[in-house]
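This report introduces a bound molecule and the protein residues that surround it. Please look over the sequence and the structure before reading on.

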Amino acid sequence: MGTIVVVGTQWGDEGKGKITDILAEKAGLVVRFQGGNNAGHTIVIEDKTYKLHLIPSGVFNPGTISIIGNGLVIDPEVLINEIKGLEIQGIDTSCIKISDRAHVIMPYHRRLDTLEEEKRQIKIGTTKRGIGPAYFDKISRTGIRIGELINPEEFSLRLKTVLESKNEIFEKIYGVESMNFEEIFEEYSQYALLLKDKVADTSILIDQAVEQGESVLFEGAQGVMLDIDHGTYPFVTSSNPTAGAVCVGAGIGPGRIDKVVGVVKAYTTRVGEGPFSTELFGELADSLREAGGEYGTTTGRPRRIGWMDAVVMRHARRLNALTHLAITKLDVLSGLPTVKICTGYELDGKVIKEWPASLGVLEKCKPIYEEMEGWTQDLSKIDRYEDFPPQAIAYVKRIEELANVPVSIVSVGPGRNQTKFLEEISF
Ligand code: GDP
Ligand code: IMO
Ligand code: MG
């Protein structure tokens with residue numbers, strides 16, 4: 001009984017999907033609360049690999065209700081294909097519920113995402129899934145919500161008005177063809193029919209579950225450094241991947257949150273453009289990329305690689321009030337003679353420990369590294385954490401100290417059984 005939030009503490013792809021799947025074993029409900037299909041969460045169960053973009057990673061636990069909360073932007077075609085894909089593999093999808101207040105990603109959002117990115121002098125490197133333009137419409141009150149999509153009259157009326165202004169933008173600003181109302185209306189009405197039965201007021205479902213003593217797990221997408229407020233703006237996504245967003249994005253009050261698990265990769269990766277203080281280049285980056293399979297789950301782009309950054313970890317601890325850490329991919333660092341952790345930045349002869357808001361200031365910051373002894377053993381094959389080489393244990397301890405959050409999970413492979421619980425994380 002209780003609630004746990006899982007969030008990414010770096011630039012996404014920390015292994016949130018894997019950790020969510022494991023914690024979901026004891027959850028009655030698993031809820032996504034922000035983002036969209038820019039997310040790519042990988043879950044490995046025995047010899048099968050599943051990649052989810054919109055459906056919560058708890059869906060593999062029979063009986064668990066999977067909720068797609070109001071804070072998401074949903075591409076209905078992607079969601080339908082994801083549901084079909086799971087069904088083909090024998091996964092029960094009858095427990096999926098979609099918030100009537102979530103916003104719909106429309107074809108003009110995807111098109112605008114590409115056009116805007118092409119026009120930008122300095123690229124963000126978005127996933128081109130229409131995420132930014134859909135959130136833009138939500139905030140400017142011209143979005144279409146799932147509840148409207150499944151009501152043909154309302155949908156027709158909303159689409160007509162919105163499409164008119166989008167077509168003006170396409171023709172006058174970008175000089176491209178306008179989009180056809182009938183085509184979009186017809187296509188999206190089909191999606192509405194397929195999704196209708198899953199649509200609900202999900203805030204009520206979550207509230208009832210908590211009242212009845214059920215355990216609820218909230219699964220974040222992206223990571224704190226991609227947060228629209230607290231990340232490396234403007235090189236961020238258009239939502240808040242931090243724990244505070246659970247309240248608005250799932251429709252619950254702050255008092256409902258009990259624990260927050262920060263997922264942290266044993267090194268750092270980033271996809272897309274933007275600052276990355278501890279970034280590595282050359283052979284070392286390439287070998288870690290290969291060892292860690294660091295290619296985007298959603299776009300397949302090679303991920304940028306760097307050392308662990310404790311400045312980022314402190315930022316993540318404070319903004320999420322982290323109660324536990326789950327370190328993933330420790331196995332990938334095996335074989336390095338030494339490993340480095342950035343403990344702070346040097347700025348004009350002074351040491352700074354907190355992430356600066358200004359990218360101009362950040363550019364002048366030089367990472368200060370602490371170098372630790374590496375280890376050679378293959379961690380993925382060691383059963384007990386106590387039997388890990390002392391250098392690997394020392395590395396975990398140092399992250400715990402610098403982040404000032406207890407490490408409760410150490411993951412050494414994509415599989416469920418490659419997970420060491422240093423302490424239980426109970427609901
Ligand atoms: P998410 O977006 O945070 O869910 O992470 P992704 O699924 O995009 O990327 C994490 C990748 O690392 C996936 O391919 C996982 O299967 C894999 N993974 C997760 N934990 C571990 C681990 O401890 N070791 C290794 N080698 N791979 C892991
Ligand atoms: P998960 O949940 C890593 C990045 C994109 C780009 C920026 C903005 O799998 O950790 P967007 O399409 O959101 O407007 O792109 O954010 N990005 C991610 N990077 N993991 C993700 O999700 C991401 N979702 C978005 O690469 O730099
Ligand atoms: Mg991912």
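The paragraphs below describe the surroundings of ligand 1 in this predicted model.

Ligand 1 occupies a space that is the second largest pocket. Both domain 1 (3-98 + 200-260) and domain 3 (263-421) contribute residues to the shell around ligand 1, so the ligand lies between these two domains.

There are 19 residues around ligand 1, and those that come nearest are Gly15, Lys16, Thr42, Asp331 and Ser411. Sorted by class, the shell consists of nine polar, seven charged and three nonpolar residues. As for secondary structure, helix 1 (16-23) and strand 3 (41-45) each provide at least two residues of this shell, and helix 1, with three residues, gives the most.

Which backbone atoms lie beside oxygen atoms of ligand 1, and at what distance? The table lists three such pairs, each between a polar backbone atom of the protein and an oxygen atom of the ligand.

| Residue | Protein side | Ligand side | Distance |
|---|---|---|---|
| Lysine 16 | backbone N or O atom | oxygen atom of ligand 1 | 2.8 Å |
| Glycine 17 | backbone N or O atom | oxygen atom of ligand 1 | 2.8 Å |
| Valine 412 | polar backbone atom | oxygen atom of ligand 1 | 3.4 Å |

Beyond these pairs, the cover that the protein gives can be stated for the ligand as a whole: on its own, ligand 1 has 590 Å² of accessible area, and the protein covers 91% of it.

Notes
Residues numbered from 1 in each chain as written. Chains lettered and ligands numbered in written order. Predicted model: local features only at pLDDT ≥ 70, side-chain atom pairs only at ≥ 80, totals over all residues. Heavy atoms only, no water. Near = heavy atom within 4 Å. Polar contact = N/O pair within 3.5 Å; in protein donor to acceptor, adjacent residues only side chain to side chain. Areas by Shrake-Rupley, 256 points an atom, 1.4 Å probe, with all protein chains shown as cover. 1 Å grid on protein atoms, 1.4 Å probe; cavity = no way out; pocket = protein on both sides within 12 Å on 5 of 7 lines; lining within 4 Å. Sits in = over half its atoms within 2 Å of the grid points. Helix = DSSP H or I, 4+ residues; strand = E, 2+ residues; numbered from the N terminus. Nonpolar A, V, L, I, M, F, W, Y, C, P; charged D, E, K, R; others polar. Domains from an automatic or database assignment.
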